[in-house]
Amino acid sequence: ASRMTAGTAYFGQIAVIWAGRNNYSSQATVLADVAAMVAALSPNTQYLVLSVINADANGQEYSGQTGYNQIAALNAALAAAYPGHYLDVRVPLVAAYNPGNAQDVIDQAADIPPSTLRAVYTGCTLTGNVTSSGFSGFGITGCSGFVLAGSTIVVGSEKVYIASLTGSGPFTITGGTRGYAGTSGASHNSGDSATVIDSTHLNATGYRLVAGLVNSKLGAMGLLPSGNALMFSIP
């Protein structure tokens, strides 16, 4: 909110406000932040407020869990506060899962955006030898900031769901699911490369889906001339 309200040069342009993911458990704070952003816009400026999405965080944000219910309540409050300016992007993202992808099927059942629409980070390396089961020696480095509880590590043909970890890069995975999403546990060597599927952030395909939803909503509001497209700049 502070960064947005400082960007006075843009206050006359169409505003797309997507905020509240980091502090969704404090509904009053998020509503106050969004209200401050809307109030800062120039008179008669058109805007959209997007829904908050939930993450792959088992025990917190799967359907029916505490975080999930908090996000649902926050989105309902945003929809009520900004009728005509609210856009639900969470539900279409969840619906865009790939039924041929085992992890996407798990994600869809949990009512979270699917793994195939989430960011993937490369450049990760195992720091120890790993047997085909358990987490002894399962350390990873080279992807600081991207390995979190809820992330999925892909090593060779195996997927490993992270439930718990220690460290801040290198990390040591201490719990989760080996052979996740229809894969099989396998042995791995120190130095093997790995990738990480983000628990929350979208990839280019996911952001394009959101941009398309925004385009359609703005078009329905009569704010985009026929044939024109709104371009997103993703930092």
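Residues are described here as buried when their relative accessible area is under 20% and as exposed when it is over 50%. On this basis the predicted model was examined for its overall architecture, for two of its helices and for its aromatic pairs.

The secondary structure of the protein consists of six helices and nine strands. Along the principal axes, the C-alpha trace extends over about 60 × 35 × 35 Å. Buried residues make up 41% of the 235 residues of the protein. Among contacts with a separation of 6 or more, 63% are contributed by residues 24 or more positions apart.

Helix H2 comprises residues 27-40, 14 residues in total. The distance from its first C-alpha to its last is 20 Å, close to the 20 Å expected at 1.5 Å a residue. Ala 28 and Ala 39 of H2 are exposed, and they lie on the other side of the helix from the buried residues. The buried residues are Val 30, Val 34, Met 37 and Val 38. These four cover an arc of only 95° around the axis, and therefore sit on the same side of H2. Such an arrangement can be read against helical geometry: an α-helix has 3.6 residues a turn, so residues three or four places apart point the same way. The cover over the buried residues of H2 includes helix H1 (2-6), strands E1 and E2, and helix H3.

The loop between H2 and E2 contains Leu 41. With a relative accessible area of 10%, Leu 41 is buried, because this value is under 20%. Its C-alpha atom is separated by 9.3 Å from that of Ile 14, although the two residues are 27 residues apart along the chain. When neighbours within four places in sequence are left aside, Leu 41 is in contact with Met 4, Phe 11, Ala 15 and Tyr 47.

Helix H6, residues 204-220, has 17 residues and reaches 24 Å between its first and last C-alpha atoms, close to the 24 Å expected at 1.5 Å a residue. Its buried residues are Gly 206, Val 210, Ala 211, Val 214 and Leu 218. Viewed down the helix axis, the buried residues of H6 fall within an arc of 135°, so they line one face of the helix. The face turned away from this buried side bears the exposed residues Arg 208, Ser 216 and Ala 220. Elements that cover the buried residues of H6 include strands E1 (15-17), E2 (47-50), E3 (86-87) and E9 (193-202), together with helix H4 (90-95). E1 and E2 are also among the elements that cover the buried residues of H2.

The ends of H6 were also examined. At the N-terminal end, Asn 203 acts as a cap, with a side-chain oxygen 3.1 Å from the backbone nitrogen of Thr 205. Just after H6, Gly 222 adopts a positive phi of about 75°.

Four aromatic pairs are present in the structure. In one of them, the rings of Tyr 47 and Tyr 82 have centres 6.1 Å apart and planes at 85°; the pair is therefore edge-to-face, as the angle is over 60 degrees. This pair links distant parts of the chain, since Tyr 47 belongs to strand E2 and Tyr 82 to the loop between helix H3 (66-81) and E3, 35 residues apart. Both partners are buried: the relative accessible area is 12% for Tyr 47, and the relative accessibility is 10% for Tyr 82.

Another pair is formed by Tyr 161 and Tyr 180, whose ring centres lie 5.1 Å apart and whose planes stand at 45°, so the pair is tilted. Tyr 161 lies in strand E7 (residues 158-167) and Tyr 180 in the loop between strand E8 (171-177) and E9; the pair therefore ties together parts 19 residues apart in sequence. Tyr 161 counts as buried at 6% relative accessibility, and Tyr 180 counts as buried at 9%.

Cysteine residues were considered last. Cys 124 counts as buried at 1% relative accessibility, and Cys 143 is likewise buried, with a relative accessible area of 1%. With a disulfide taken as a pair of cysteine sulfur atoms within 2.5 Å, the count comes to zero disulfides.

Note on methods:
Residues are numbered from 1 along each chain as its sequence is written. This is a predicted model: local features need pLDDT of at least 70, side-chain atom pairs count only at pLDDT 80 or more; totals for chains, interfaces and linings use all residues. Side-chain values use heavy atoms; hydrogens and water are left out. Helices (H or I, at least four residues) and strands (E, at least two) are DSSP runs, numbered from the N terminus. The expected span of a helix is 1.5 Å times one less than its number of residues. Buried means under 20% relative accessible area, exposed over 50%, partly exposed in between (1.4 Å probe, protein chains only). The arc is that of the directions from the helix axis to the C-beta atoms. Contact means heavy atoms within 4.5 Å. A polar contact is a pair of N or O atoms within 3.5 Å; within protein, one must be able to donate a hydrogen and the other to accept it, and residues adjacent in sequence count only if both atoms are side-chain atoms. Rings of Phe, Tyr and Trp (its six-membered ring) pair if their centres lie within 6.5 Å; planes under 30 degrees apart count as stacked, over 60 as edge-to-face and the rest as tilted.
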